[in-house]
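Trainee: Pick one part of this fold and take me through it closely. I would like to follow the aromatic rings first, then what lies around them.

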Amino acid sequence: MAGMSGRAQLMWDEAVTGYDFGPEHPMDPVRLDLTRRLVGALGLDRELDVVGAKPAGESTLRLVHRQDYVEAVRAASAEPAAADQSYGLGTIDDPAFAGMHEVSALIAGLSVGAAEAVWRGDVLHAVNFAGGLHHAMPGGASGFCVYNDASLAIARLLELGAERVAYVDVDVHHGDGVQAAFWEDPRVLTISLHEHPRTLFPQTGWPEETGGDGAEGSAVNVALPAGTGDAGWLRAFHSVVPELIADFRPDVLVTQHGADTHFEDPLAHLAVSLDAQRAVQVACHELAHEHAGGKWVALGGGGYAVVDVVPRSWTHLVGIAAGVPVAPETVIPEGWRQEVFARTRQLGPVRMTDGRWPVAWAEWEAGYDPADRLDQAVLATRRAVYPLRGLLA
């Protein structure tokens with residue numbers, strides 16, 4: 001596109017670390033700060049443009065969220081003790097805190113800014129690892145998420161003229177808020193790979209959830225058995241995502257990279273390594289180039305192993321987007337590890353790998369095992385969605 005810089009953008013504002021539910025909450029904002037510092041320690045700053053954005057304003061928030069909900073967030077932000085729990089605010093998952101509206105709107109603004117930059121052609125790729133807050137609903141907070149920046153970025157792309165936007169969510173939790181926002185909109189294909197709703201919040205994301213009236217087949221859910229590891233996770237991804245993206249031909253690819261699929265994550269039950277997460281990030285980058293003209297907006301998401309996993313996973317994502325992928329065997333600078341210990345009293349990881357690179361997995365075409373629970377999950381999704389899209393399951 002005309003004016004394309006060729007560089008990627010990293011959306012960042014230090015104020016995002018104010019998205020802080022308190023010292024006992026698993027979503028510790030130190031994960032954002034440590035990721036940003038690791039990106040810098042590995043020299044990735046030199047390979048991309050680090051830019052900020054304005055907080056999402058009223059009209060932007062209203063693209064997805066109801067007016068009464070935005071007003072409730074503003075009120076809770078000003079007086080946290082009086083938060084209206086009927087909107088999911090002031091709860092155990094989403095405690096109210098001073099400035100909550102402002103920092104939530106900032107994170108949303110960064111994701112919207114990423115989408116605008118990619119759509120304008122300023123850059124091909126833009127990353128906001130502070131984003132990916134995919135559980136927030138049009139009328140309520142949920143699952144550590146206040147404003148749904150992923151949905152807002154997609155809605156802004158549609159407003160700017162995108163005819164088809166594909167959203168791929170590999171967080172361990174179902175991307176329920178994004179699915180809900182575009183349930184009846186065939187212009188948006190939402191694909192979520194997540195731990196089975198029988199064993200994990202938010203108890204949605206069954207393969208039979210395939211889209212609303214007029215948008216049948218636009219919602220895709222792969223519900224993975226608890227305990228799924230690298231080979232199964234990658235097999236599931238490659239057995240569903242590439243074929244659907246190729247068929248849909250999106251104008252832009254938006255992806256959510258929650259790091260909570262990892263075997264060290266304390267809130268879920270998958271057994272995925274950092275190396276498999278990196279492999280999916282690489283695959284998403286390739287899909288953007290193969291089917292969306294290279295236009296890629298990449299977001300963060302969940303991830304509660306805030307020292308060992310999240311900073312490394314999202315730094316890999318930034319490197320891939322910047323065109324300078326970090327080799328898995330890369331030794332992490334000692335200065336960053338010292339910073340980790342000073343901040344958390346934990347020992348930081350030594351290398352950018354869990355020692356499983358390259359990760360092996362079997363393609364769907366290699367054969368289907370009817371007794372394998374992973375294969376059963378993949379087949380359930382293909383049988384539910386593929387006929388609706390005119391594809392062979």
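Mentor: Buried means under 20% relative accessible area; exposed means over 50%, and partly exposed is in between. Keep that cut-off in mind. Keep in mind too that this is a predicted model.

Start with the rings. The count of aromatic pairs comes to nine. One of them is Tyr 69 with Tyr 87, whose centres are 6.1 Å apart and whose planes meet at 35°. Planes under 30 degrees apart would count as stacked and over 60 as edge-to-face, with the rest tilted. The Tyr 69 and Tyr 87 pair is tilted. Tyr 69 sits in helix α3, residues 67-78. Tyr 87 belongs to the loop between α3 and α4, the latter being residues 100-120. With their positions 18 residues apart, the two tyrosines link distant parts of the chain. Tyr 69 is buried, and Tyr 87 is buried too.

Compare the geometry of another pair. Phe 144 and Tyr 304 have ring centres 5.6 Å apart and planes at 85°, so this pair is edge-to-face. Phe 144 comes from the loop between β3 and α5 (149-160), while Tyr 304 comes from the loop between β8 (296-299) and α9 (310-322). Their positions are 160 residues apart in sequence, so the pair ties those parts together. Phe 144 has 10% relative accessibility, so it counts as buried. Tyr 304 has 11% and counts as buried as well.

Rings also gather in a group. Trp 12, Phe 129 and Trp 314 form one aromatic cluster. A charge meets a ring elsewhere: the charged end of Arg 278 sits over the ring of Trp 357, 4.5 Å from its centre.

Back to the surroundings of the tyrosines. Leu 89 touches Tyr 69, and its contacts also include Ala 72, Val 73 and Ala 76. Ala 83, Asp 84, Asp 94, Met 100 and Ala 141 are on that list too, with neighbours up to four places away left aside. Leu 89 has a notable role in the count of core contacts. The largest nonpolar core holds 129 residues, and Leu 89 and Phe 237 touch the most other members. Helix α4 gives the most to this core, with 12 residues. In soluble globular proteins, nonpolar side chains tend to be buried together.

Tyr 87 has a charged contact. Arg 66 touches Tyr 87, along with Pro 138 and Gly 139, not counting residues up to four places away in sequence. Arg 66 lies in the loop between α2 (58-61) and α3. Its relative accessible area is 43%, so Arg 66 is partly exposed. What separates Arg 66 from His 238 in sequence and in space? They are 172 residues apart along the chain and 36 Å apart, C-alpha to C-alpha.

Now return to helix α3. Glu 71 has its place there. With a relative accessible area of 44%, Glu 71 is partly exposed. Set that against Tyr 69, which is in α3 and is buried. The C-alpha atoms of Glu 71 and His 101 are separated by 9.4 Å, although their positions lie 30 residues apart along the chain.

Helix α9 offers a charged residue of another kind. Arg 312 is found in it. At 4% relative accessibility, Arg 312 counts as buried, because the cut-off is 20%. Its contacts beyond four places in sequence include Leu 38, Leu 274, Ile 332 and Pro 349. Arg 351, Met 352, Thr 353 and Asp 354 also touch Arg 312.

Last, the strands. Both faces of β1 (residues 8-11) are covered: Ala 8 and Leu 10 are buried on one side, Gln 9 and Met 11 on the other. In a regular strand the side chains alternate between the two faces of the sheet. Strands β1 and β2 (residues 48-51) pair in the parallel sense over four bridges. Gln 9 stands opposite Asp 49 in β2. From β1 the chain crosses through helix α1 (residues 30-41) to β2, and this β-α-β crossover is right-handed. Strand β1 also runs parallel to β3 (residues 125-128), joined by two bridges. There, Leu 10 stands opposite Val 127.

Note on methods: Residues numbered from 1 in each chain as written. Predicted model: local features only at pLDDT ≥ 70, side-chain atom pairs only at ≥ 80, totals over all residues. Heavy atoms only, no water. Buried < 20%, exposed > 50% of the residue type's maximum accessible area, 1.4 Å probe, protein only. Pairing = 2+ DSSP bridges. Right-handed = clockwise from strand over helix to strand, strands pointing away. Phe/Tyr/Trp six-rings, centres within 6.5 Å; stacked < 30°, edge-to-face > 60°. Lys NZ or Arg CZ within 6 Å of the ring centre and 35° of its normal. Core = buried A, V, L, I, M, F, W, Y, C linked by side-chain atoms within 4.5 Å. Contact = heavy atoms within 4.5 Å.
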